[in-house]
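This briefing is meant for someone meeting the structure for the first time. It begins with one strand and then moves on by topic.

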Amino acid sequence: GVPNSQHVTGEAADIICPGFGTPAEVVRAIVSNGAIPYDQCILEFGAWCHISFGPLNRRQALVIDHDGTRTFA
């Protein structure tokens, strides 16, 4: 990670939910549920969901993989 990561301040976590579905399904569920005030929800390399919370809660939904970073659709 990086020194200014939200993980360091307890504002972010990388999660998987095998009983719920794939990491993409977890991201989709969080993004489509308007009640969760997240800052970023990122499908990272198809392997886990990064979710962070902060003072702005920008509701950025992204994909990060070997092709780069783009909006989660």
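**Strand β2 and its surroundings**

I42 is a residue of strand β2, and the model in which it is seen here is a predicted one. With a relative accessibility of 5%, I42 counts as buried, and the points below take up its contacts before turning to other residues of the model.

**I42 in strand β2**

- Once the neighbours within four places in sequence are set aside, I42 is in contact with V27, W48, C49, H50, L62, V63 and I64.
- I42 and R70 are separated by 28 residues in sequence, while their C-alpha atoms are 9.7 Å apart in space.

**E44, a buried charge**

- E44 also belongs to strand β2, which runs over residues 40-44.
- Although E44 is buried, it has no salt bridge, and the nearest side chain of opposite charge, that of R58, is 11 Å away.
- What the side chain of E44 does make is a polar contact with the side chain of W48, at 2.9 Å.
- Leaving out the neighbours within four places in sequence, the residues in contact with E44 are D14, H50 and I64.

**Cysteines**

- A search of the whole structure finds 0 disulfides, and C17 is accordingly in none, with the nearest cysteine sulfur, that of C49, lying 7.4 Å away.
- C17 counts as partly exposed because its relative accessibility is 28%.
- For C41 the closest cysteine sulfur is again found in C49, at 3.7 Å, and this is too far for a bond because a disulfide requires the two sulfur atoms to be within 2.5 Å.
- C41 itself is buried, with a relative accessible area of 0%.

**Helix α1 and what covers it**

- In helix α1, which spans residues 23-32, the buried residues are P23, V26, V27 and I30.
- These residues lie on the same side of α1, because the arc they cover around the axis is only 95°.
- As a general matter, an α-helix has 3.6 residues a turn, so residues three or four places apart point the same way.
- Among the elements that cover the buried residues of α1 are β1 (12-15), β2 and β3 (48-52).

**The loop between β3 and β4**

- Most residues other than glycine have a negative phi, and the two residues described next are notable against that background.
- N57 is not a glycine, yet its phi is positive, near 45°; its place is in the loop between β3 and β4, the latter covering residues 60-65.
- With a relative accessible area of 25%, N57 is partly exposed.
- R59, which likewise is not a glycine, has a positive phi of about 55°, and R59 too lies in the loop between β3 and β4.
- The relative accessible area of R59 is 35%, so this residue is partly exposed.

**D39, ahead of strand β2**

- D39 is found in the loop between α1 and β2, and at 4% relative accessibility it counts as buried.
- When neighbours within four places in sequence are left aside, D39 is in contact with Q6, S52, F53, G54, N57, R58, R59 and Q60.
- The contacts of D39 thus include N57 and R59, the residues whose positive phi values were given above.

Terms used: Residues are numbered from 1 along each chain as its sequence is written. This is a predicted model: local features need pLDDT of at least 70, side-chain atom pairs count only at pLDDT 80 or more; totals for chains, interfaces and linings use all residues. Side-chain values use heavy atoms; hydrogens and water are left out. Helices (H or I, at least four residues) and strands (E, at least two) are DSSP runs, numbered from the N terminus. Buried means under 20% relative accessible area, exposed over 50%, partly exposed in between (1.4 Å probe, protein chains only). Lys and Arg count as positive and Asp and Glu as negative; His and the chain ends are not counted. A salt bridge is a side-chain nitrogen of Lys or Arg within 4 Å of a carboxyl oxygen of Asp or Glu. A polar contact is a pair of N or O atoms within 3.5 Å; within protein, one must be able to donate a hydrogen and the other to accept it, and residues adjacent in sequence count only if both atoms are side-chain atoms. Contact means heavy atoms within 4.5 Å. The arc is that of the directions from the helix axis to the C-beta atoms.
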